[in-house]
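I opened the notebook to look up the overall build first and the packing inside afterwards. My entries follow the display.

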Amino acid sequence: MSTTIEQVPTSTKQTTKIPSATIRFAGDSGDGMQITGDQFTRTTALIGNDIATFPDYPAEIRAPKGTLAGVSAFQVHFSSEDIFTPGDQLDALVVMNPAALKTNLGDLRKGGILICNSDGFEKKDLELAGETENPLNSQVLEDQYQLFKVPMTKIVETALKDLKAAGMSTKEVDRCKNFFALGLVYWLYGRDMDATLRFLQTKFGNKPQIIEANTKALQAGWNYGETTDAFVSNYKIDPAKLTPGKYRDINGNTAMAWGLMTAAKLSDKELFLGSYPITPASDILHELAKFKHMGVRTFQAEDEIAAITSAIGASYGGHMSITTSSGPGIALKGEAIGLAMMLEIPLLIINIQRGGPSTGLPTKTEQADLFQAILGRNGECPLPVIAAHGPGDCFYVALEAWRISTRFMVPVIVLSDGYIANGSEPWLIPEMKNLKKIPIKHAPEQTDGSKFLPYKRDEYLSRPWAIPGTKGLMHRIGGLEKQDVTGNVNYEPDNHQHMTNTRAQKVENVALEIGPQEVEGPETGDVLVLSWGGTYGACRTAVELMISQGHKVAHAHLRWVNPFPKNLGEVLKRYKKVLIPELNMGQLRTLIRAKYLVDAQGLNKVKGRPFAIAELTTAIKELLPK
Amino acid sequence: MANDVTPVLTASDFGSDQDVRWCPGCGDYSILAQMKKVMPQLGVARENVVFISGIGCSSRFPYYMNTYGMHSIHGRAPAIATGLKCVRPDLQVWVVTGDGDGLSIGGNHFLHLMRRNVDLKILLFNNRIYGLTKGQYSPTSPLGKLNKSAPMGVIDNPLNPLSVAIGCEATFVARSIDVNIKHLGEVLKRAAEHKGTAFVEIYQNCNIFNDGAFEYATSKDSKLDTTVELEHGKPLIFGKNKNKGIRLNGTEPEVVELGKGISEDDLLFHDEKAPEATHAYLLSRMRHPEFPEPIGVFRAVDQPKYDVELNKQVAAAREKKGSGDLDALFNSGETWTVS
C-alpha cells in the first residue's frame with residue numbers, strides 16, 4: 001500500500017530537531033532484534049528519512065542463550081540528508097542483556113542514549129556474559145552516557161496480565177519485550193506505529209492473541225517514554241530531500257533477485273537458477289523460488305558443482321541461467337566456470353562475499369574474493385567481473401551483468417557482499433517501460449545443408465548462441481580447446497595462442513560498453529580514493545567530508561573490476577596520491593599497481609565489519625600534503 | 001527448405017564428420033555403432049537429441065554423433081543434463097559416462113540423478129579401469145587387481161553400479177555388453193523409450209589396460225553359462241543346454257539344474273515392473289563366478305519425473321497467479337512518495 005508522510009502521534013514533551021541518528025538494537029539471538037530493527041527501518045523509511053542498515057548476527061542459529069557469542073544486533077542510520085552508510089558511532093543503543101551491553105557499548109558515543117532492559121541483568125545473565133558485578137550499578141555508565149534502566153520484562157508482564165490470565169504462557173509474554181523496546185524507541189524518535197501494526201496483522205492474521213500481545217507491548221513502550229520522567233525530550237528528524245518519486249525499502253539480496261527477474265523479462269527469457277544453500281547468498285534462492293508463475297525455475301542442487309553445471313546445462317538449452325553462492329561455494333565452482341568460459345555461453349555467477357578463507361566468518365562481511373573472481377581458475381581464464389556498490393544497486397548490476405553476458409557470450413561474475421546483501425536502503429521504484437530492453441539473438445536454423453560454424457565471431461568477437469532443437473545447427477562443444485570458427489577440438493600451438501588471445505580480447509572489449517571512469521570531486525588534486533563494491537558509501541561520505549573541509553580529494557568508484565575502464569590509468573595519474581580502501585589485505589591495490597605502475601596506498605581491514613567514515617578520513621588526511 | 005515431413009534417416013546420418021579416435025579394438029566402437037543404428041528407429045529428429053558427457057574415453061562419444069552435444073568436465077554430465085532437461089523437456093538427452101567419471105568423481109551427481117528421476121538416459125561404459133589416464137584402478141576394479149596405482153593389488157571394495165542405482169530408487173536399470181550387439185541395441189531402445197532416468201551399464205572392453213575383464217561374459221565358450229538374459233514374466237533359465245535356472249532359497253538365489261524334480265515353475269520369474277526394488281536389487285547381487293550375471297532390463301517402473309514435476313509447478317503457479325507483473329511486484333508492500 002502506498003502512503004504519504006504519516007501523522008506522528010504527538011508527544012507532549014519537548015522535541016529536539018536533529019539531522020540524523022544512528023541507533024542499534026542488541027540482544028540475545030532469541031530476543032527478536034532483527035525483526036525489531038527491520039520494523040524500525042520500515043517505519044523510518046515511510047517517514048521519508050534516508051536510511052542505511054547493518055544487521056549483524058551470530059553464525060550459530062542459536063548460540064547458548066545470554067552468551068557473548070549469541071548476541072544479535074541491528075543498526076539503523078536515518079537522516080534528513082542523503083546518507084550512504086549505516087553510521088559510525090551510535091547515538092542510541094538498546095540492550096536486552098549484559099552480553100549485548102558488553103559487546104556493543106564500545107560503539108556508543110559518549111553522551112549517547114543507553115537503554116537497558118534491567119530485568120535482563122540477573123545474576124545468571126551476568127554470569128553468562130562473564131561479569132561478576134552488575135554494570136548497571138556502576139557510576140561509569142551513569143557518567144558517560146544517558147543511561148535508562150528499564151524493567152522491560154516486568155512492565156510487559158503487567159501490560160499483558162489479562163492475556164496471561166486468558167492462557168498465554170510466560171514465555172510468550174516474555175517474547176513481546178522486543179516490541180516494548182521498539183515502542184519506546186518509536187517514542188524517542190517520533191515514529192508512528194501504524195506500519196508495525198499492519199505488519200502484525202499480516203504476519204499473525206490467524207493468531208489474534210499474538211497480535212494483541214505485541215500491540216500492547218508496543219503501546220506500553222511508547223507510553224513509557226511519554227510518561228516516565230526519565231525521558232525529558234524526544235527527537236525529530238525531517239524527511240530527506242531524495243529524488244522525487246515513489247520509494248520502497250529494499251535489501252541487496254531482494255534487489256538482486258528482482259534485478260535478475262527483470263533482466264529475464266527485458267530479454268524475453270525465462271530464468272533458471274542452480275544453487276546450493278550458503279550464507280549470505282541463500283535469500284536470493286528463497287526469493288526467486290517464489291516466482292514460478294513468472295517462469296522462474298529454481299533448482300536446489302546436491303552441491304555447488306551441480307548448482308553451476310545445471311545452470312550451464314540450462315544456458316546451453318537457451319535459458320537465462322544463474323548460479324548464486326558465496327566464496328567457499330565459488331571455489332568449488334571454479335572448474336565449471338572455466339568450462340562455461342570455453343563454451344562461450346552466457347551465465348551469471350553471483351558471489352555474495354563473506355569473511356574467509358575457508359568457512360571463515362560466514363555471517364560477517366568482507367570483500368576478499370576479488371582475486372578469486374579475477375584470477376581464481378586454472379589456465380588463462382579472464383572474465384568480466386562487476387561489483388554492486390549498495391543494496392539498491394544490486395538490481396541494476398543484475399541487468400548490466402546479463403546484458404554484457406549475452407552480448408559477449410561470456411560468463412560474468414557478479415560480486416556483492418554480506419553487508420550489501422542484508423543491509424537495506426530506500427529504493428526509487430523503477431518502471432518496466434523505462435528500462436532498456438536486452439536484445440538477444442539465437443542462431444537461426446539452417447536448412448540449406450551448409451555446415452554450421454559454432455565459433456564464427458561477430459564484431460564483438462562473440463560466437464552465436466545456437467541452442468538444441470534448432471534445425472541444421474547440430475554441433476559439439478566442450479572444455480577442450482577449440483579450433484576457431486569450426487569449434488572442432490584442436491591442439492595446434494598457434495590455435496591455442498590465437499584462442500587465448502581472442503577470449504582475452506573479448507573480455508577487454510567489454511570496456512567499450514561500460515564507458516569511462518567518472519570521478520566525484522576535483523579533476524586533479526592531492527588524493528584520489530579508489531574504491532569498489534560495498535565500501536562505496538563510506539568512501540563517498542568520507543570524500544565529501546574532506547571536500548567540505550577544503551581538501552583536494554576526489555573519489556572514483558569502480559563498478560566493473562574487470563576489465564577496468566579505458567581511461568583509468570590516466571585518471572589515477574591526475575592525483576598526487578591514490579588511496580585504495582578495501583575490506584581485504586590489498587587485492588585491488590595489487591591489481592592497480594601491477595597494471596598502472598601507480599604507487600597506490602592501501603587502507604585494509606578484515607574484521608568482519610564495514611569501514612567507519614572516521615577510519616577513512618584519518619587515512620586520507622595522512623596522505624594530504626603536510 | 002522447411003517441411004513437415006520427417007525424412008527417413010539411417011545410421012550414417014547420425015555420424016558426425018569427426019574422426020573417431022578410440023584405440024583400435026576398443027569396445028566403444030561397438031556401442032557407437034549400435035547407438036547410430038538405434039537412433040533412426042526412435043523417431044526423434046537429430047536436432048532434438050543431445051549427448052552430454054564428462055571426461056574419459058567414453059566421454060568422447062558426443063563428438064562422433066551428428067546431434068547436439070557437450071563434452072564437459074569430469075563427473076558432472078548428470079548435473080549439466082539435469083539443468084538442460086529442466087528447461088527443455090522437449091529434448092531427448094543422453095549422458096555418456098564411464099566407471100571412473102560416473103561413479104568416482106561424479107558419484108554424488110549420479111545418485112541424485114537417480115533419486116530425482118529426471119527424464120534422461122545415462123549410459124555407463126564399465127571397463128573396470130581408468131583408460132584415459134592410462135591404467136589406474138577404478139571404483140569397479142575387483143579386489144586384488146594389479147595395476148599402475150595399486151602395484152600390490154586393489155584393496156578398495158568395488159562398487160556394483162546396478163546396486164547403487166537401484167539403491168537410489170532408479171526407475172529404469174539395465175545391463176548389456178559391448179559385443180552383444182543385438183542385445184545392446186534392444187536395451188538402448190528400451191532405455192530411450194523409458195520415461196524417467198534410464199540407467200544402462202554396458203560391459204565394455206578396454207583392450208589396452210584391462211583386456212578381457214569381461215571375457216567370461218563374452219567368449220563363445222562360456223557366455224551361455226556365465227550370463228542369464230532377463231525377460232519380463234519369464235523364469236531365469238540359462239546354460240548352453242537351457243538346463244539351468246535360478247531358484248529362491250528363502251531370500252537367497254541359488255543355481256539349480258532343471259529336471260530331477262525341479263521344473264520351470266520352481267524358478268525365480270523376472271518381474272521388471274515390481275514396485276519395490278528388492279527383486280531388482282537381488283538380481284544385481286548375482287556376480288560371476290558364483291552366479292550367471294543377469295543382462296537385460298532389471299527394473300522399469302513409472303514414477304514422477306523431476307523435470308515434468310518442475311514444469312507442472314510452473315504451469316500450476318501460472319494458473320493460480322497469472323504470469324506476474326514486475327511493476328506490481330516493485331510496488332507491493334509499504335511504499336512512500338517523495339515529492
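I started with long-range contacts in chain A, noting that this is a predicted model. I took contacts between residues at least 6 apart in sequence, and 78% of them join residues at least 24 apart.

Next I looked up the secondary structure. Chain A has 22 helices and 23 strands.

Then I checked the overall dimensions. The C-alpha trace of chain A spans about 85 × 65 × 45 Å along its principal axes. I asked what radius of gyration chain A has beside that of a compact globule. For 626 residues such a globule would have a value near 25 Å; chain A has 27 Å, which agrees.

I turned to the surface. The accessible surface of chain A comes to about 23900 Å². Carbon and sulfur atoms account for 53% of that area. Of the 626 residues in chain A, 62% are buried.

I looked up the charges as well. Chain A carries 67 positive and 68 negative charges, and their mean positions are 2 Å apart.

Last came the interior. In soluble globular proteins, nonpolar side chains tend to be buried together. I asked which residues touch the most other members of the largest nonpolar core. They are W258(A), L260(A), M261(A), L271(A), I312(A) and L530(A), in a core of 159 residues.

I followed M261(A) further, leaving out residues up to four places away in sequence. M261(A) touches L271(A), L288(A), F291(A), M294(A) and V296(A), and from chain B also L326(B) and L329(B). I also noted a second, separate core of 55 residues. That core includes I51(A), I113(A), L218(A) and V338(B).

How values were computed:
Residues are numbered from 1 along each chain as its sequence is written. Chains are lettered from A and ligands numbered from 1 in the order in which they are written. This is a predicted model: local features need pLDDT of at least 70, side-chain atom pairs count only at pLDDT 80 or more; totals for chains, interfaces and linings use all residues. Side-chain values use heavy atoms; hydrogens and water are left out. Helices (H or I, at least four residues) and strands (E, at least two) are DSSP runs, numbered from the N terminus. The radius of gyration is taken over C-alpha atoms; the globule rule is 2.2 Å times the number of residues to the power 0.38. Buried means under 20% relative accessible area, exposed over 50%, partly exposed in between (1.4 Å probe, protein chains only). Contact means heavy atoms within 4.5 Å. Accessible areas come from the Shrake-Rupley method with a 1.4 Å probe; for residues, only the protein chains shown count as cover. Lys and Arg count as positive and Asp and Glu as negative; His and the chain ends are not counted. The place of a charge is taken as NZ of Lys, CZ of Arg, CG of Asp or CD of Glu. A nonpolar core is a set of buried Ala, Val, Leu, Ile, Met, Phe, Trp, Tyr and Cys residues joined through side-chain atoms within 4.5 Å.
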